[in-house]
Amino acid sequence: MPPGLDNLKHIVVLMMENRSFDHMLGALKQQDGRIDGLTGTESNPDSNGNPATVQPLAEFQGQLDPDPDHHFPAVDLQIFGDDGNRTANMQGFVKSYFHQREDVNHSKKILYYFTPDKLPVLTTLATEFAVFNGWFSSIPGPTICNRAFAHYGTSFGQVSMDIFYIKEPFKSIYERMINAQHTSKLYYYDTASSTMEVVNLLQHEPQLFGTYPQFLKDCENGTLPEYSFVEPNYSDHDTDSGEELANDQHPDHHVQAGELFIASVYNAIRQNPDLWKSTALLVVYDEHGGIYDHVTPPACTPDGYVASANDTGTGREFRFDRLGVRVPAILISPWIPKGTVVSGRVFEHASIPATVTNFFLKNYEQRSVREKAADTFLDLLTLPKMRTDAPEFDID
């Protein structure tokens, strides 16, 4: 076994919100041609049929208002366009955004992207460790169902924001771990901010919950579980110590708040030497949030469920046989060669429980067909000797 895997004791996943790969990391192609980002010539037709081109003009806040539509019918338009040919061409983003405000100039902002200097934390981690050219959201739809794939390896046929219902025999990765005498925890930010699906996830397993302050303490004390899933703060809200700003990067929350949050998770692991050498941290986004990406989502192994034509809102059923839009994903470990670019492979959120299960539980059969087919990512820990040059972020 490679030294990185031999030393691995913890897998941590931080899942942010609603940004596409090109929007956040597409500009890195100018620095490294191996990264499947933007050339600057990519375009979409606007509502008048005129071409609108990608621009490096993304702003931290105030630009994507209203929140771009990322429900199933809108994403279907974004991927397939509206020419009636049902050919996936990624040509419907501007027209989709136009529907929300009917402002031609504003609709073109859906093509705007960040330059690396505006996202120093995310882009530094991407270039220092492993960035995935092909990590896709699990379905062309919104948050709840995409996060379900990260927890269960399926959304149980859901394509909407409805609270989903668990169907046997599939259990969450947290329940699998605990039942096999391993340790696992889902760290939500605080009592005012957690995703709806945790109602289903942990209703019978309250010991699997933790708050973000507890995550920081567990990192400091060396008591982090074997598998941890970290959630950002989804809402601006008051606390006893003052206002907490949303740091999930969901439009139109402030992107820099999310940068600081990503850095704080990384620092918490990095600053404990024993934890750092024994942990793999995945930073990934749940879905693209309606924002442009140029890569066509590929076909995938169906998960065994079918969403009806009524449920999809498109007049067509969905057999879970195509992935959603591409999102940023970065794997961080001192056992990963600097500047790793993962190309020619397809990952999605079912890769998360697949990886955790394969590493800690080995042969575990009660999983969706989709999860069993998903690629895993720990083979990226290839170095024979641990790196000592990992970056540090000063966020005080």
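This is a short walk through the structure above, stop by stop, with something to select at each one. Keep in mind that you are looking at a predicted model.

**Stop 1: a helix under cover**

Start by selecting residues 255-270, which make up helix α11. How far apart are the end C-alpha atoms of this helix? They lie 22 Å apart, and this agrees with the 22 Å that 16 residues should span at 1.5 Å a residue. Now switch on the surface around the helix. Of the 16 residues in α11, 14 are buried, so the helix is mostly covered.

**Stop 2: the largest pocket**

Keep α11 in view and add α10, residues 212-221. These two helices are the elements that give two or more residues to the lining of the largest pocket. Which of the elements gives the most? That is α10, with four residues. The pocket holds about 220 Å³ of space. To see its wall, select the lining residues, among them Tyr-212, Leu-216, Cys-219 and Glu-220, then Ser-264, Asn-267 and Ala-268, and also Phe-393, Ile-395 and Asp-396. Colour the whole lining by class and you get six nonpolar, four polar and two charged residues.

**Stop 3: two cysteines**

Stay a moment with Cys-219, one of the pocket-lining residues. Cys-219 is buried, with a relative accessible area of 0%. Next, jump to Cys-300, which also counts as buried, at 18% relative accessibility. Why does Cys-300 have no disulfide partner? The closest cysteine sulfur belongs to Cys-145 and is 13 Å away, too far for a bond. For the model as a whole, the count of disulfides is zero.

**Stop 4: Glu-128 and its two partners**

Now for some charged pairs. Side chains of opposite charge can pair when their charged atoms come close. The model has 22 salt bridges by count, and Glu-128 is a good place to begin.

Select Glu-128 together with Lys-338: they form a salt bridge, with the closest N and O atoms 3.4 Å apart. This pair joins distant parts of the chain, 210 residues apart: Glu-128 is in helix α6 (residues 120-128), while Lys-338 is in the loop between β12 (329-332) and β13 (340-342).

Then add Arg-387, which also forms a salt bridge with Glu-128, the closest N and O atoms being 2.9 Å apart. Here too the link is between distant parts of the chain, since Arg-387 sits in the segment after α15 (369-373), 259 residues from Glu-128 in α6.

Are these three residues buried or exposed? Glu-128 is buried, at 13% relative accessible area, and Arg-387 is buried as well. Lys-338, by contrast, is exposed, at 52%.

**Stop 5: more salt bridges**

Select Asp-32 and Arg-34 for another salt bridge, where the closest N and O atoms are 2.7 Å apart. Arg-34 is partly exposed, with a relative accessible area of 47%. After that, select Glu-17, Arg-147, Glu-231 and Asp-286 together, and you will see a network linked by salt bridges.

**Stop 6: an enclosed space**

End at the cavity. The count is one cavity of 30 Å³ or more, and its volume is about 40 Å³. To find the cavity, select its lining: Arg-19, His-23, Glu-59, Phe-60, Gln-61, Gln-63, Leu-64 and Asp-252. By class, these residues divide into two nonpolar, three polar and three charged.

Notes: Residues numbered from 1 in each chain as written. Predicted model: local features only at pLDDT ≥ 70, side-chain atom pairs only at ≥ 80, totals over all residues. Heavy atoms only, no water. Expected span 1.5 Å × (residues − 1). Buried < 20%, exposed > 50% of the residue type's maximum accessible area, 1.4 Å probe, protein only. Salt bridge = Lys/Arg side-chain N within 4 Å of Asp/Glu carboxyl O. 1 Å grid on protein atoms, 1.4 Å probe; cavity = no way out; pocket = protein on both sides within 12 Å on 5 of 7 lines; lining within 4 Å. Points joined across faces, edges and corners; volume = space filled by probe spheres on them. Nonpolar A, V, L, I, M, F, W, Y, C, P; charged D, E, K, R; others polar. Disulfide = S-S within 2.5 Å.
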